[in-house]
Amino acid sequence: MNKKKIGIIALIIVMLSGVMMIFANGIKNKQVVEKHDGKLQIVVTSFPQYDFARAVAGDNADIQMLIKPGVETHSYEPTPDDIRKIQNSDLFIYNGGENDKWVDGILDSIDMSKTKTLKLEDCVNLIEEDETVGLEGVATHSHDHDHSHEDGEDHDHEDAEGHEGHEHSTTDIEYDEHVWTSPINAIKIVKEINTVLNQLDEKDADKFDANAKEYISEIEDIDSQIRDIVKNAKRKTLVFGDRFPFKYFVEEYGLDYKAAFPGCSDEMEPSAETVSYLVNFIRQENIPVVLYVELSSQKVANTLANETGVKTMCLNSAHNLSQQDFENGATYVSIMKENIKTLKAALQ
């Protein structure tokens, strides 16, 4: 083949490549247009916000979750692409608190004039981070059990500091960030998201209202079942061989707890005193279940179970979930339904 023919063939290849590139870009651009056409763009930091937004928005929004399933939420660092997603969104929902300290710096450094933000901590009454740890290293808390709610009672009570509504102290007090673990708080959050989406997309407000009403009804049913379990429980104490992200949960239902680590402590190994105390407590109080949280190594819980002969079960805080559970369509409600089974076994 002579050089002239080779040149012609090469030119044809280049031309075809250009045509294909234009065609591909056209398809890509079409996909982008279709994705954004008529839909709100919502970016959230983690699973709780994702699920509540999904439940209210339905098919009327594209929702992107920055912290992927199975990822440790406490060590997350945003990428430049994550920051771009936040800036280009219609609504950015984050939790606030220790895990989301990075958010404030980013929001201050980029143009957010076209993006509305919603912080979960602003939707509820906050409770101080519980750092009560005894000499044996056990995180513990007890109630007098004289303030349990009756069915139908208004649950929109004041927080531990006596604050009402969304006004929070600006002091250096550290608040527990796991606000969604209380179903009552989850209902408040869903209502706030409903309100914001109605403001952003008035034409679909009726859909958002209907979706929110349906999801709130499901959460109310969860709340009712939990109250019934606690009311008829043999005991009021939960034992965690793990971290303890359930402060809002136990406060809402008047439960006590013992935990190997306070809050979302970075500690990995409990002291010998901690293990000894928990083993003795489990035996003395005939505790039937040692609890652990989702995505945990279960190491401490297994140690306590092996020493006492009781079983271990997961009480899921819904902080994050596995990739498999996410792909299988797990929701806050489905997670809490599993928690009901666990709670019943732990308090029997």
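This is a short dialogue on reading the sheets, helices, cores and loops of a predicted model.

Q: Happy to start with the basics. In what order do the four strands of the open sheet with parallel pairing run?

A: Good place to begin. Strands of a sheet pair through backbone hydrogen bonds, either parallel or antiparallel. Here the four strands form an open sheet in the order 2-1-3-4, and the pairing is parallel. The edges are strand 2 (61–65) and strand 4 (116–119), each of which pairs on one side only. From one strand to the next, the twist averages 20°.

Q: Over how many bridges do strand 1 and strand 2 pair?

A: Strand 1 (residues 40–44) pairs with strand 2 in the parallel sense over five bridges. To find one of these by eye, look at Val-44, whose bridge partner in strand 2 is Met-65.

Q: Which strands does helix 2 lie across?

A: Helix 2 (residues 47–57) lies across strand 1, strand 2 and strand 3 (91–94). The helix runs at about 170° to strand 2.

Q: And is helix 2 mostly covered or mostly open?

A: A general idea helps first: an α-helix has 3.6 residues a turn, so residues three or four places apart point the same way. In this case helix 2 is mostly covered, with ten of its eleven residues buried. Among the buried ones are Phe-47, Tyr-50, Phe-52, Val-56 and Ala-57, along with the polar Gln-49 and Asp-51. Just after the helix, Gly-58 takes a positive phi of about 60°.

Q: Now the other sheet, please. In what order do its five strands run?

A: This open sheet has the order 5-7-6-8-9, and its pairing is mixed. Strand 5 (139–141) and strand 9 (311–314) are the edges, each pairing on one side only. The twist averages 30° from one strand to the next.

Q: In which sense do strand 6 and strand 7 pair?

A: Strand 6 (residues 237–240) and strand 7 (residues 256–259) pair in the parallel sense, over four bridges. Within that pair, Leu-238 stands opposite Tyr-257 of strand 7.

Q: Which strands does helix 8 touch?

A: Helix 8 (residues 272–284) packs on the sheet and touches strand 6, strand 7 and strand 8 (289–292). Its direction makes about 140° with that of strand 6. Helix 11 (residues 332–347) lies across strand 6, strand 8 and strand 9, and runs at about 150° to strand 9.

Q: At what angle do helix 8 and helix 9 pack?

A: Helix 8 and helix 9 (residues 299–308) pack at an angle of about 50°, with their axes 10 Å apart. That angle is why helix 8 counts as oblique to helix 9. The crossing is right-handed. On the helix 8 side, the contact includes Val-275, Leu-278 and Ile-282, and on the helix 9 side it includes Thr-303, Leu-304 and Glu-307.

Q: Which residues have the most contacts inside the largest nonpolar core?

A: Those are Ile-42 and Leu-238, in a core of 70 residues. Leaving aside neighbours within four places in sequence, Ile-42 is in contact with residues including Ala-53, Ile-63, Leu-91, Ile-93 and Leu-197. Apart from this core lies another, of 15 residues, with Ala-260, Phe-261, Val-290 and Ala-301 among them.

Q: Is Leu-291 buried or exposed?

A: Leu-291, which lies in strand 8, counts as buried because its relative accessibility is 1%. Leu-291 and Leu-238 are 53 residues apart in sequence but 7.6 Å apart in space, C-alpha to C-alpha. Beyond residues up to four places away, Leu-291 touches Leu-238, Phe-240, Ala-301, Met-313 and Thr-342, among others.

Q: What about Asn-339: buried or exposed?

A: Asn-339 is in helix 11 and is buried, with a relative accessible area of 5%. Outside its sequence neighbours within four places, Asn-339 is in contact with Cys-314, Leu-315 and Asn-316.

Q: Last one: where is Asn-286 found, and what is its phi near?

A: Most residues other than glycine have a negative phi. Asn-286 has a positive phi, near 55°, and is found in the loop between helix 8 and strand 8. Asn-286 is also exposed, with a relative accessible area of 58%. Leu-295 has a positive phi too, of about 60°, and lies in the loop between strand 8 and helix 9.

Methods: Residues are numbered from 1 along each chain as its sequence is written. This is a predicted model: local features need pLDDT of at least 70, side-chain atom pairs count only at pLDDT 80 or more; totals for chains, interfaces and linings use all residues. Side-chain values use heavy atoms; hydrogens and water are left out. Two strands pair if DSSP finds at least two bridges between them. Helices (H or I, at least four residues) and strands (E, at least two) are DSSP runs, numbered from the N terminus. Axes are lines fitted to C-alpha atoms, for helices over the stretch in contact, and angles run from 0 to 180 degrees between N-to-C directions. Contact means heavy atoms within 4.5 Å. A nonpolar core is a set of buried Ala, Val, Leu, Ile, Met, Phe, Trp, Tyr and Cys residues joined through side-chain atoms within 4.5 Å. Buried means under 20% relative accessible area, exposed over 50%, partly exposed in between (1.4 Å probe, protein chains only). Angles under 35 degrees count as roughly parallel, over 145 as roughly antiparallel, 65 to 115 as roughly perpendicular and the rest as oblique. A crossing is left-handed if the near helix is turned anticlockwise from the far one by less than a right angle, and right-handed if clockwise.
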